[in-house]
Amino acid sequence: MFITFEGVEGAGKTTQIARLASRLRAEGRADVLTTREPGDGPLGSELRRLALHPPLGITVEPRAELLIMLADRAQHVGQIIHPHLASGGIVVCDRYADSSLAYQGYGRGLDIAEIARLNDYATDGLKPDITLLLDLDPAVGLARQNERNIMEAESLAFHARIRAGFLALAAQKLGRWVIVEAGRSAEEVEGDVWKAVSKLIVSHGISVPFTP
Ligand code: TYD
């Protein structure tokens, strides 16, 4: 089972992914792999540095930025995500293809259909079973952040387009997306995340005694 988390900066994905993974493990699923984009694996960490912390004075073209994210994704799917899924494990990923649609598409203004096509190429068509959108006002999220990468230095209007982009993507494909209101306590958010994931697990017929 392939689970992804999406959202604006500071929406709480890291906390929620850690909580979901420990809950799954407590329910007897030892085969949970948590990972992230961009940046997992040795090539990924180089690509993450290039995309988010480019050398001083270098402006990365939006198309170049997209292609770095896609290179990271292709490597990540091929060497980390796909092998774990193929062995029957659960993968929980912090950002995936939808982040390219939201950031490089809605944020930077690149063509959405083109990015979708390139995402399909990079992932060899691998789609998440469920995508949890932690929805939050970007002004609140940015105030929570302390890392300064090139995205976090962008304007509030840029981050507002990204939030709207995620909501538009979720509205188009309601089957896979679950929108969780992230401006609440971590416990409340965790409760909603668990409700959605445990429902999916039950519907997949996985025989572990899940506590809803
Ligand atoms: P990160 O510090 O991991 O941010 P967060 O904790 O909010 O996920 O940095 C990831 C950054 O990369 C984030 O600003 C979103 C951006 N990004 C893209 O622009 N396109 C992409 O395809 C992906 C995966 C991430």
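A polar contact is taken here as a pair of N or O atoms within 3.5 Å, and the contacts described below come from a predicted model. By this criterion, Lys 13 makes a polar contact with the ligand, since a polar atom of the Lys 13 side chain lies 2.7 Å from a ligand oxygen atom. Two arginines contribute in a similar manner: a polar side-chain atom of Arg 48 is placed 2.9 Å from an oxygen atom of the ligand, and an N or O atom in the side chain of Arg 95 is 2.6 Å from an oxygen atom of the ligand. On its own the ligand has 540 Å² of accessible area, of which the protein covers 94%.

The ligand sits in the largest pocket of the model, where it is surrounded by 17 residues, the closest being Glu 9, Lys 13, Arg 95, Ser 100 and Gln 104. When the residues of this shell are divided by character, eight are charged, five are nonpolar and four are polar. Three helices, α2 (41-52), α3 (62-86) and α4 (97-107), each supply at least two residues of the shell, and the largest share, four residues, comes from α4.

Lys 13 also takes part in a contact within the protein, its side chain meeting that of Asp 94 in a salt bridge with an N to O distance of 2.6 Å. Because Lys 13 belongs to helix α1 (residues 13-26) and Asp 94 to strand β3 (residues 90-94), this pair ties together parts that are 81 residues apart in sequence. In general, side chains of opposite charge can pair when their charged atoms come close. Across the whole structure, a search finds 18 salt bridges.

Two features of the backbone were also noted, both of them in loops. Arg 95, whose side chain approaches a ligand oxygen atom at 2.6 Å, is placed in the loop between β3 and α4, and the phi angle of Arg 95 is near 75 degrees, a positive value in a residue other than glycine. The other feature is a cis peptide bond between Glu 37 and Pro 38, with omega at about -10 degrees; Pro 38 is found in the loop that lies between β2 (32-36) and α2.

Definitions and conventions
Residues numbered from 1 in each chain as written. Predicted model: local features only at pLDDT ≥ 70, side-chain atom pairs only at ≥ 80, totals over all residues. Heavy atoms only, no water. Near = heavy atom within 4 Å. Polar contact = N/O pair within 3.5 Å; in protein donor to acceptor, adjacent residues only side chain to side chain. Areas by Shrake-Rupley, 256 points an atom, 1.4 Å probe, with all protein chains shown as cover. 1 Å grid on protein atoms, 1.4 Å probe; cavity = no way out; pocket = protein on both sides within 12 Å on 5 of 7 lines; lining within 4 Å. Sits in = over half its atoms within 2 Å of the grid points. Nonpolar A, V, L, I, M, F, W, Y, C, P; charged D, E, K, R; others polar. Salt bridge = Lys/Arg side-chain N within 4 Å of Asp/Glu carboxyl O.
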